[in-house]
Amino acid sequence: KLGMIPPEIKKLNCFCKNGKIKDFSIPTTIKEIGEGCFYNCTNLTSIVIPSTISKLENEIFYNCKSLQTIIIEENSPLTYLPKKLFYKNKSLKEIKLPTTITEIDDCCFEGCTSLEEIQLPNIKKLRLLCFKNCYSLSKIELSSELTYIDSFCFEHCLSLQEIIINDNVKELGGQLFYNCTSLTSVRLSTSLTKLDKLLFFK
């Protein structure tokens with residue numbers, strides 16, 4: 001059992017490869033979560049990120065393969081989800097993002113093979129490989145604020161059936177829907193100025 005974290009500790013970065021943690025309550029005294037903090041915590045099943053957290057670094061939950069539920073509290077000041085934040089969280093089925101999030105960085109949800117749907121109400125930018133290999137993702141609600149989707153973002157989203165891209169999007173990256181074999185309905189932005197190569201390859 002984990003002991004109390006002293007209140008003078010403001011940055012959490014110390015549980016890498018701890019296979020004993022199953023659930024964890026982040027104290028409200030913590031302001032930042034450091035890079036790789038819960039890296040390879042393979043038995044971690046659920047976590048709530050409190051609204052006191054103002055910064056998340058890369059790869060915090062990398063390969064937390066038992067993590068099923070993630071909640072980031074709605075009144076969070078966070079606006080950005082960093083690289084490989086939930087990389088290869090193979091059991092992740094549910095995630096609740098606050099409306100403050102406007103950008104998702106490279107590979108953030110890559111390999112979340114059980115994730116079935118996600119809402120992105122105020123997202124403006126989706127970076128490289130964001131949802132690659134999310135095999136179960138069948139529904140994604142994109143923001144009307146979205147302006148940019150980078151290459152390979154939905155590569156190998158085998159269950160994705162429909163997507164609507166709003167008229168603020170001017171550029172779509174290459175191989176965006178590579179091997180999306182169930183995709184039958186696409187509504188593209190009328191403001192597009194660039195379609196990169198192999199957008200719907202396979």
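# Notebook: a chain of strands

**Entry 1. Strand E4.** I began with the side chains along E4, which alternate between two faces. Ile47 and Ile49 point to one face and are buried. Ser46 and Val48 point to the other face and are not buried. I note here that I am working with a predicted model.

**Entry 2. Partners of E4.** I looked up what E4, residues 46-49, pairs with. Strand E2, residues 23-25, is joined to E4 by 3 bridges, and the two run parallel. Within that pairing, I found Asp23 with Ser46 of E4 as its bridge partner. E4 also pairs with E6, again in the parallel sense, over 4 bridges. For this second pairing I wrote down two positions. Ser46 stands opposite Thr69 in E6, and Val48 has Ile71 of E6 as its bridge partner. Ser46 and Val48 belong to the face of E4 that is not buried.

**Entry 3. Strand E6.** Which residues make up the covered face of E6, and which the uncovered one? E6 runs over residues 69-72, and I list Ile70 and Ile72 on its covered face. Thr69 and Ile71 are on the uncovered face. Both bridge partners from the last entry are therefore on the uncovered face: Thr69, opposite Ser46, and Ile71, the partner of Val48. 

**Entry 4. On to E8.** I followed E6 to its pairing with strand E8, residues 94-96. The two strands pair in the parallel sense over 3 bridges. Thr69 turns up again here, standing opposite Glu94 in E8.

**Entry 5. The chain as a whole.** I then stepped back to the whole chain. How many helices and strands does the chain have? I count 0 helices and 17 strands. The radius of gyration is 17 Å, close to the 17 Å that the globule rule gives for 202 residues, so the chain is as compact as a globular protein of that length. I also noted the span of the C-alpha trace along its principal axes, which is about 55 × 30 × 20 Å.

**Entry 6. Burial, contacts and surface.** Of the 202 residues, 45% count as buried. I looked at contacts between residues at least 6 apart in sequence, and 26% of them join residues at least 24 apart. The accessible surface comes to about 9800 Å², and carbon and sulfur atoms account for 45% of it. For charge, I have 25 positive and 23 negative side chains. The centres of these two sets lie 5 Å apart.

**Entry 7. A six-strand sheet.** What is the order of the strands in the open sheet of 6 strands? I read it as E7-E9-E11-E13-E15-E17, with parallel pairing. Strands E7 (80-81) and E17 (194-195) stand at the edges with a single partner strand each, so one side of each is left without a neighbour in the sheet. I checked the E17 end of the sheet. Strand E15, residues 171-172, is joined to E17 by 2 bridges, and the two run parallel. Glu171 stands opposite Lys194 in E17.

**Entry 8. Ser182.** I next looked up a loop residue. Ser182 sits in the loop between E15 and strand E16 (185-187). Its relative accessible area is 30%, and Ser182 is partly exposed. Which residues does Ser182 touch, not counting those up to four places away in sequence? I found Leu158, Ser159, Leu160 and Gln161. I also took a distance from Ser182 to Phe15. The two are 167 residues apart in sequence, and their C-alpha atoms are 39 Å apart in space.

**Entry 9. Asn133.** I went through backbone angles next. Asn133 has a phi near 65°, a positive value in a residue other than glycine. Its place is the loop between strand E11 (125-126) and strand E12 (139-141). Is Asn133 buried or exposed? At 16% relative accessibility, I record Asn133 as buried, the cut-off being under 20%.

**Entry 10. His156.** His156 is not a glycine either, and its phi is positive at about 60°. I place His156 in the loop between strand E13 (148-149) and strand E14 (162-164). The relative accessible area of His156 is 18%, and the residue is buried. Leaving aside neighbours within four places in sequence, His156 is in contact with Lys132, Asn133, Cys134, Tyr135, Tyr178 and Asn179. The Asn133 of the last entry is thus one of the contacts of His156. Last, I looked up His156 and Ile5, which are 151 residues apart in sequence and 41 Å apart in space, C-alpha to C-alpha.

Key
Residues are numbered from 1 along each chain as its sequence is written. This is a predicted model: local features need pLDDT of at least 70, side-chain atom pairs count only at pLDDT 80 or more; totals for chains, interfaces and linings use all residues. Side-chain values use heavy atoms; hydrogens and water are left out. The radius of gyration is taken over C-alpha atoms; the globule rule is 2.2 Å times the number of residues to the power 0.38. Buried means under 20% relative accessible area, exposed over 50%, partly exposed in between (1.4 Å probe, protein chains only). Contact means heavy atoms within 4.5 Å. Accessible areas come from the Shrake-Rupley method with a 1.4 Å probe; for residues, only the protein chains shown count as cover. Lys and Arg count as positive and Asp and Glu as negative; His and the chain ends are not counted. The place of a charge is taken as NZ of Lys, CZ of Arg, CG of Asp or CD of Glu. Two strands pair if DSSP finds at least two bridges between them.
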